[in-house]
Amino acid sequence: MSAPFATALLGWKPSGKNRLAWPLVPNVADVDNPESMRIAAGVLDALGVAPNVTSHVPKHPGGPLEQAVCDHLRSALAGHSALAGHSPGRDWLIARGVVITRFDQYAHLKEVHALVRAKPQLRVSVGMDYLIKPDVTVGLAGVRTGSGLPPLHAAISCKWTIRSDRVQNIRHECLQMIRHRRGRQPHLVTVTAEPLPSRLASIARGTGEVDAVYHIAYDAMAASVAANANAEQADAWREVTGQRRVLSYELLVGALASW
């Protein structure tokens, strides 16, 4: 019940300074937050990551998380070649860092961009924040559209951890994609390894900018929260999971394939 790549990314790393004075800390934890450290340590334990030894995991896991999600979805969605209601099977276009103007719902933004480039004074009133490059895009080839471009089926924001600035960036990009689309709205989701439930709640709560947050170690998180979290964090976990705002990563493939 965790992402197949979870243990390739999550592990222990050396730490010279942290609130609990541990020689090794979880590479997903906020070392200035003891609760984050304890819950993250419980996650590693539930995943079976060897303790008391430095793990062979990426030093900077943000990019590897994006690549892992991209590679996994390519492989997993290929197995859904003949779903009920989607016959023949869908031809998936999964990539990293593709600007949304390369998809049907946002093709018109190319014209907006051309006008802004031709008249720099428009940048003040129009801005440039509509040229969004989601971390991972899921498009559909072989679908007839008015623009001739494939429709954007999903936009996935991959965030190793959740911080206030990242929450604002995610919400802003999703709102732009909601407001500027012409046609069907893509599935707008976040994939994360954040261990602190209150920070998960900061992105999971809201007015629908983000459809769902998928956690790459959901079951391990549930076990760790039950064993290690204080009342505040336990309540936040029950809230976001009880309302199905935070889901297991393993559900993402099915959601994309059946939607």
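This is a chat about cysteines, aromatic rings and one helix in a predicted model.

Student: Cysteines first. How many disulfides does the count come to?
Tutor: Zero disulfides in this predicted model.

Student: Why is C70 not bonded to C158?
Tutor: Because the two sulfurs are too far apart: the closest cysteine sulfur to that of C70 is in C158, 8.7 Å off, and a disulfide needs the sulfurs within 2.5 Å. Looking from the other end, C158 has the sulfur of C70 as its nearest, at that 8.7 Å, and is in no disulfide.

Student: Are those cysteines buried or exposed?
Tutor: C70 is buried, with 1% relative accessible area. C158 counts as buried too, at 4%.

Student: OK, switching to rings. How many aromatic pairs are there?
Tutor: Three aromatic pairs. One of them is F5 with Y249, with 5.3 Å from centre to centre and 75 degrees between the planes, which is edge-to-face.

Student: Where do F5 and Y249 lie?
Tutor: F5 is in the segment before helix 1 (6-9), and Y249 is in the loop between strand 8 (246-248) and helix 10 (250-258). They are 244 residues apart in sequence, so the pair ties together parts that are that far apart along the chain. Both F5 and Y249 are buried.

Student: And what's the geometry of Y218 and W237?
Tutor: Their ring centres are 5.4 Å apart and the planes meet at 45 degrees, so that pair is tilted. Y218 belongs to helix 8 (residues 218-228) and W237 to helix 9 (residues 231-242), so to speak two distant parts of the chain linked by the pair, 19 residues apart.

Student: How buried are Y218 and W237?
Tutor: Y218 has a relative accessible area of 18%, which makes it buried because the cut-off is under 20%. W237 is buried as well, at 7%.

Student: Which ring does the charged end of R184 sit over?
Tutor: The ring of W259, with 4.2 Å to the ring centre.

Student: Last topic, helix 3. What span should helix 3 have, and how far apart are its end C-alpha atoms?
Tutor: Helix 3 (residues 62-78) has 17 residues, and at 1.5 Å a residue it should span 24 Å. The end C-alpha atoms are 25 Å apart, which agrees.

Student: Which residues of helix 3 are buried?
Tutor: L65, E66, A68, V69, C70, L73 and L77. That list includes C70, the cysteine from earlier.

Student: What covers the buried residues of helix 3?
Tutor: The cover includes helix 1 and helix 10, along with strand 3 (91-96), strand 4 (136-141), strand 5 (152-159) and strand 6 (187-192).

Conventions
Residues are numbered from 1 along each chain as its sequence is written. This is a predicted model: local features need pLDDT of at least 70, side-chain atom pairs count only at pLDDT 80 or more; totals for chains, interfaces and linings use all residues. Side-chain values use heavy atoms; hydrogens and water are left out. Buried means under 20% relative accessible area, exposed over 50%, partly exposed in between (1.4 Å probe, protein chains only). Rings of Phe, Tyr and Trp (its six-membered ring) pair if their centres lie within 6.5 Å; planes under 30 degrees apart count as stacked, over 60 as edge-to-face and the rest as tilted. Helices (H or I, at least four residues) and strands (E, at least two) are DSSP runs, numbered from the N terminus. A charge sits over a ring if NZ of Lys or CZ of Arg is within 6 Å of the ring centre and within 35 degrees of the ring normal. The expected span of a helix is 1.5 Å times one less than its number of residues. Contact means heavy atoms within 4.5 Å.
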